[in-house]
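Open your viewer and get ready to click along. We will go from one selection to the next and look at what is there.

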Amino acid sequence: MLAGACCVGAITYGVVVGPSMLPPQDVQATTAMTPDAGPIAPEPEQVAELGPIGFLQIQVSDRDRAWVQTLRCTGDVEEDPVTCADLGLASSEFQRETEGAQGTEEVPEQAAAGVDVEPTTAADPGGEQLFTEVGEGTVCTDKVYGQEEATVVGTWEGQEVETTLTRKGSCEEARWQRLRALTDQIG
């Protein structure tokens, strides 16, 4: 019986007093065997993701309707319209396609899109190429994909933009699809 009472007392002591002997969880415990690690490095600050920057005025017309819309992208991914992010994504994809095409004999996607491949700079991450017009002498089909027409004027990633989009021919349709975020009604 005495042994049982001693065991119960030891367990109670361990439960009540034991945790108070442990170091707090947010404190770094050291011993004589732990090398001096110096101050704890601060956690890196989160860098806000930057999106595209530009201001565009888009005028779209169809057979029986027309609309004008503006798009302002400040580079703030969280505050800008979704269309800004869509255009940034289209620009990145288009840039990867054109960079992959450099140095090759023939690139069917580039020929179909009517794109003259030019290297980009750090200041122009595909922004200028995003609005590239169909090059002269590009082989395209004559198929008409729709009656819509759009005029885009403004600046995008520091580059002046003034272009017209149509859906007449395969090359122009490729441009229309690449810039579909602009030609659809922005909500």
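**A buried glutamate and its surroundings**

Start by selecting glutamate 173: its relative accessibility is 8%, so glutamate 173 counts as buried. Keep in mind that this is a predicted model.

Which residue does the side chain of glutamate 173 meet in a salt bridge? Select arginine 167, and you will find the N-to-O distance between the two side chains at 2.8 Å. Arginine 167 is buried too, with a relative accessible area of 12%. Side chains of opposite charge can pair when their charged atoms come close.

Now add glutamate 148, which lies in strand S3. A polar contact of 3.3 Å joins its side chain to that of arginine 167. Glu148, Arg167 and Glu173 are linked in a network of salt bridges. Leaving aside neighbours within four places in sequence, glutamate 148 also has contacts that include Ser61, Leu165 and Trp176.

**Along the helix**

Next, select residues 170-178, which make up helix H5. How many of the 9 residues of H5 are buried? The count is 7, so you can call this helix mostly covered. Among the buried ones are Ser170, Cys171 and Trp176.

Stay in H5 and show arginine 175 and glutamate 172, which are 3 residues apart, about one turn of the helix. They form a salt bridge whose closest N and O atoms are 3.4 Å apart. Arginine 175 is buried at a relative accessible area of 1%, and glutamate 172 is buried at 17%.

**Out to the sheet**

Zoom out a little: helix H5 lies across S1, S3 and S4, and runs at about 125° to S4. Colour the strands and follow the open sheet in the order S2-S1-S3-S4, with antiparallel pairing. Strand S2 (66-76) and strand S4 (159-168) each have a single partner strand, so one side of each is left without a neighbour in the sheet. On average, neighbouring strands of this sheet are turned by 20° against each other, direction ignored.

Select S1 (residues 50-61) and S3 (residues 144-156) to see the pair joined by 8 bridges. Here valine 60 stands opposite alanine 150 in S3. Then move to S3 and S4, joined by 9 bridges, where threonine 151 stands opposite threonine 164 in S4. These two strands form a hairpin with 2 residues between them, and glutamate 157 in the turn has a positive phi of about 50°.

**Last stop**

Finish with aspartate 184 and arginine 180, whose side chains meet in a salt bridge (3.6 Å, N to O). Are they buried or partly exposed? Aspartate 184 is partly exposed at 35% relative accessibility, and arginine 180 is partly exposed at 31%.

How values were computed: Residues numbered from 1 in each chain as written. Predicted model: local features only at pLDDT ≥ 70, side-chain atom pairs only at ≥ 80, totals over all residues. Heavy atoms only, no water. Pairing = 2+ DSSP bridges. Helix = DSSP H or I, 4+ residues; strand = E, 2+ residues; numbered from the N terminus. Axes fitted to C-alpha atoms, helices over the stretch in contact; angles between N-to-C directions. Contact = heavy atoms within 4.5 Å. Polar contact = N/O pair within 3.5 Å; in protein donor to acceptor, adjacent residues only side chain to side chain. Buried < 20%, exposed > 50% of the residue type's maximum accessible area, 1.4 Å probe, protein only. Salt bridge = Lys/Arg side-chain N within 4 Å of Asp/Glu carboxyl O.
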